[in-house]
Amino acid sequence: MKTLTLDRPVNRRDFLKLTGLAGGGLALAFYIKSGPKAEAAEGAASGDFAPNAFIRISPNGAVTIVSKQPEMGQGVKTSLPMIIAEQLEVPWKEITIEQGDFDEKLYGNQGAGGSQSTPRNYDTFHLLGATARTMLVNAAAQTWGVPASECRAENASVLHPSGKSLKYGQLVAKASTLPVPAKTEVKLKDPKDFKLLGKRIPQYDSVKIATGQPLFGIDVKVPGMLYAVYEKCPAFGGKAVSANLDQIKALPGVKDAFIIAGNGKVKELNSGVAIVADSTWAALSARKKLKVTWDEGKVVNESWDTFLAEAREKAAQPGQKTLRKDGDPDAALASAAKKVEAEYVYPFISHANLEPQNTTAHWKDGVMEVWSPLQIPSAGAGLVTKILGIPADKIKIHISRAGGGFGRRISADYLIEAAAIAHKVNAPVKLTWTREDDLRHDHMRPGGIHFLKGGVDANGKIVAWKNHFFTFGEGGSPGSGGAFNGDIFPGGGIANYQADQTMFDTGWPMGPWRAPGSCIFGWVLHSFLDELAHAAGRDPLEVRLELLGQQETKATGGAPKKGGGGGYNVARMRNVLKFAAEKAGWGKKKFEKGQGAGIAFYFSHLGYFAQVAEVTVSKEGQLKVDRFVTGYDVGAQVVNLSGAENQIEGSVVDAMSVMMYQELNIERGRVTQSNFDNYPLLRTTEAPTKIECYNLPTNHPTTGMGEPAIPPVAPAICNAIFAATGKRVRQFPLSRTDLRWS
Amino acid sequence: MPKYTLNVNGQSRTVDVASDTPLLWVLRDTLELVGTKFGCGVGKCGACVVHLNGVPTKSCMTTVSTVGRKQVTTIEGLAVSATKLHPVQQAWCELDVAQCGYCQAGQIMTAAALLKENPRPTDQDIDDAMDGNLCRCGTYLRIRAGIKRAAVLAAGGKEAAQ
């Protein structure tokens, strides 16, 4: 899947360069610059050993690793440097990690999304660390006049069996004169000798977090900075026609107020009114007095309830598209021994990052300098060029820690708003969104409606499956995560299968939400599958194993695609499903009425996850998840076990939070919710009592942890609720389903 | 604008701000203590919790004019000294509680106040005290474990984390 090419020795003026290739491949190529600056990694002082853009070692022994990916809680600022530290043989506590600025010529791809940071960089980072270690060993060997093969690196030193040793700092001057060795001359550590990878390592910034040091985008302070708020039309994409700007400008602390026309794209620069003041509170206070006349546009004709009613009317008609058809589903349903029909509905939801969107921007001397919590810095730079006409080499982006990503900060709408405001103000400006701005102008996870029919034969085998899925589009194609795919399990596993899709086009902004598509299709598919298993009177695990079949790799869908979809390795899925079931003791426990277990699995973002929930539902309908078991296969090596398990634990809570409460209702083209009082998140009292994580390592490339634990969570819990109460959850949020039983 | 003299982390600080300014924005914009976070502005997320005379308080809902002589303690002032963290902070680092970390200042301040009142809290005590603090990343189980570990550390114990 990945190729590494480093096939000739190069001199010390050459940089190793990471290049993202189409299709998720990677290449380690050369980056050759001339001039003294090219010799050093960013920030390297004269005399440092800086064999590539990511590592520098000072003569005093200080080791610095640059983290190039944005950190948003996924732990990448710790995990990727761990890989370099492992190969470099430097104790973790001695390493300083710096966040790199946006510079893809120097660092390669700096986007964080699609759980791609680990698979995209894993092999390359091993090689980067090992290459630097090899150079230090070579420097010691030459100093001592012994073969390099007699020397080994350990604890930031090079050792020789004679007892000689030199610390890395002492070798820096010599190593800096040596050629960068070819890949063939670099020996990677045997994984059995890993000291760091697979261990539980606390986040590098944990002390800064625990002591409240400035880290996040919203914490940025630049000398002379002003504070801005930006009022957009409540209806998506509406335009500001006029506002009481003179009155606003006269208010205390207000420095300026103006209308921005926007570029007409609801996910780029929206039209609105900027208020710039000498404090956040002055800007917020002035905003309360703001009166704007809006041109709301056609979007006011679009409401969720209307679309839902239309979907119900059209459910029995053929879809706009048939995504997959195998056999004769209608005939198979007609002749099935048992039939089940169900409607599954889920609403639009928000990312609700706890750190509201924000960006600080400074337009000075023809350069736009930006500090922003971003997932894809190149997207921000692209918008600045596109909308403000500022060339790429005049844009400087500092990547701030993000208070949550979840896909929201793949969009850079808030960055371009800040840049557009700063472009008109003679000072640095920090734009802060309110929570209300955030919920009402998110790039939402699309809602959807699935009309499902399934048939079971006299032997209890699932013989028919039909799904007419109604989704939502923006500008003619489904929103992110809103496109179904007929290859998703159980597609291909049922002889008579049909997946149709019909799209309602809207002017609503949608964007990727943690495991796009998979995050909610998992609930629909594994819930309905559970309905069929129960209709057949069979064990839900056994039915799943039967549908997965015996072949090693799915015949359809081709190679796994980044971000999910495509084919997957059925043997891995089957094994991890059995593994999770075994860890949970599936089928071995006796449950009282009101208690039960549910199971589900999913392949997404290159990860194989199977989960079992055990729940108690009180007679009054109160749900408690007593135990939640996850079995996972993300390839050969978990990088940071603490971070990996934190992602799983968080995914369980996140998916539960969506299941229990989250809903953006859209009426007349605008969100009716405003803040956490009417858009609640799961609270600690409702979190599972116990979450268990079990890794099943396999001899496959290491993949990411940010997303793939999400999809099976809700169906495992909802299937457990059915086992406990006989009540099937077919609508999100769960607060709409009465779980009381007697 | 009126002047207010506040006692913040043991220091007397005079600020010149509008009387209706929430303490949150005084801390963040005026005093440059940005560890206290803005999450919702309506007292529904707990990211802005500070101590007023030791009582956990949502600073987004506390106007500067009502603070008076009360001792304000923020996350920056919680540690015993520059080199010795508060037991809750120690436990948070040890157990790697945070993900994005944005809510954690509020979580830690609420947890520290709980432990001061109740050095050996039960799960129910923890749930009751922490219910007003949202964690969007879902670190609730580690927060619970962190509070128990902090209780052990505060008691001077070296027992393993539960």
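These legends accompany four close-up views of a predicted model.

**View 1. Where chain B meets chain A.** Let us start with the interface between the two chains. Contacts here join 48 residues of chain A to 45 residues of chain B. On the chain B side, the elements that supply two or more residues each are helix H1 (23-30), helix H2 (87-94), helix H3 (104-117), helix H4 (123-130) and helix H5 (140-154). In character, the chain B side that touches chain A has 26 nonpolar residues, along with 11 polar and 8 charged ones.

**View 2. Domains 2 and 3 of chain A.** Chain A is assigned three domains: domain 1 covers 14-197, domain 2 covers 224-298 + 357-432, and domain 3 covers 304-349 + 444-736. This view looks at the second and third of them. Taken over C-alpha atoms, the centres of domain 2 and domain 3 of chain A lie 37 Å apart. Their contact draws 13 residues from domain 2 of chain A and 11 residues from domain 3 of chain A. If you are curious about the chemistry, the domain 2 side that touches domain 3 in chain A is made up of 6 nonpolar, 3 polar and 4 charged residues.

**View 3. Helices H13 and H14 of chain A.** A helix pair is described by the angle and the distance between the two axes. In chain A, helix H13 (residues 518-535) packs on helix H14 (residues 540-548) at about 110°, and their axes are 9 Å apart. Angles of 65 to 115 degrees count as roughly perpendicular, so H13(A) and H14(A) fall into that class. The crossing of H13(A) and H14(A) is right-handed. Leu529(A), Asp530(A) and Ala533(A) come from H13(A), and they meet Pro540(A), Val543(A) and Arg544(A) of H14(A). Among the residues of this H13(A)–H14(A) contact, 4 are nonpolar, 2 are charged and none is polar.

**View 4. Helices H2 and H3 of chain B.** Now for a helix pair in chain B. H2(B) and H3(B) pack at an angle of about 130°, with 9 Å between their axes. How are H2(B) and H3(B) oriented to each other? They are oblique, therefore neither roughly perpendicular nor roughly antiparallel. H2(B) and H3(B) also make a right-handed crossing. H2(B) contributes Val88(B), Gln89(B) and Trp92(B) to the contact, while H3(B) contributes Gln104(B), Ile108(B), Ala111(B), Ala112(B) and Leu115(B). Here the contact residues of H2(B) and H3(B) comprise 6 nonpolar and 2 polar ones, with no charged residue. Both helices of this view also appear in View 1, as H2 and H3 are among the elements on the side of chain B that touches chain A.

How values were computed. Residues are numbered from 1 along each chain as its sequence is written. Chains are lettered from A and ligands numbered from 1 in the order in which they are written. This is a predicted model: local features need pLDDT of at least 70, side-chain atom pairs count only at pLDDT 80 or more; totals for chains, interfaces and linings use all residues. Two residues are in contact if their C-beta atoms, placed from the backbone, lie within 7 Å. Helices (H or I, at least four residues) and strands (E, at least two) are DSSP runs, numbered from the N terminus. Ala, Val, Leu, Ile, Met, Phe, Trp, Tyr, Cys and Pro count as nonpolar, Asp, Glu, Lys and Arg as charged, and the others, Gly among them, as polar. Domain bounds come from an automatic or database domain assignment. Axes are lines fitted to C-alpha atoms, for helices over the stretch in contact, and angles run from 0 to 180 degrees between N-to-C directions. Angles under 35 degrees count as roughly parallel, over 145 as roughly antiparallel, 65 to 115 as roughly perpendicular and the rest as oblique. A crossing is left-handed if the near helix is turned anticlockwise from the far one by less than a right angle, and right-handed if clockwise.
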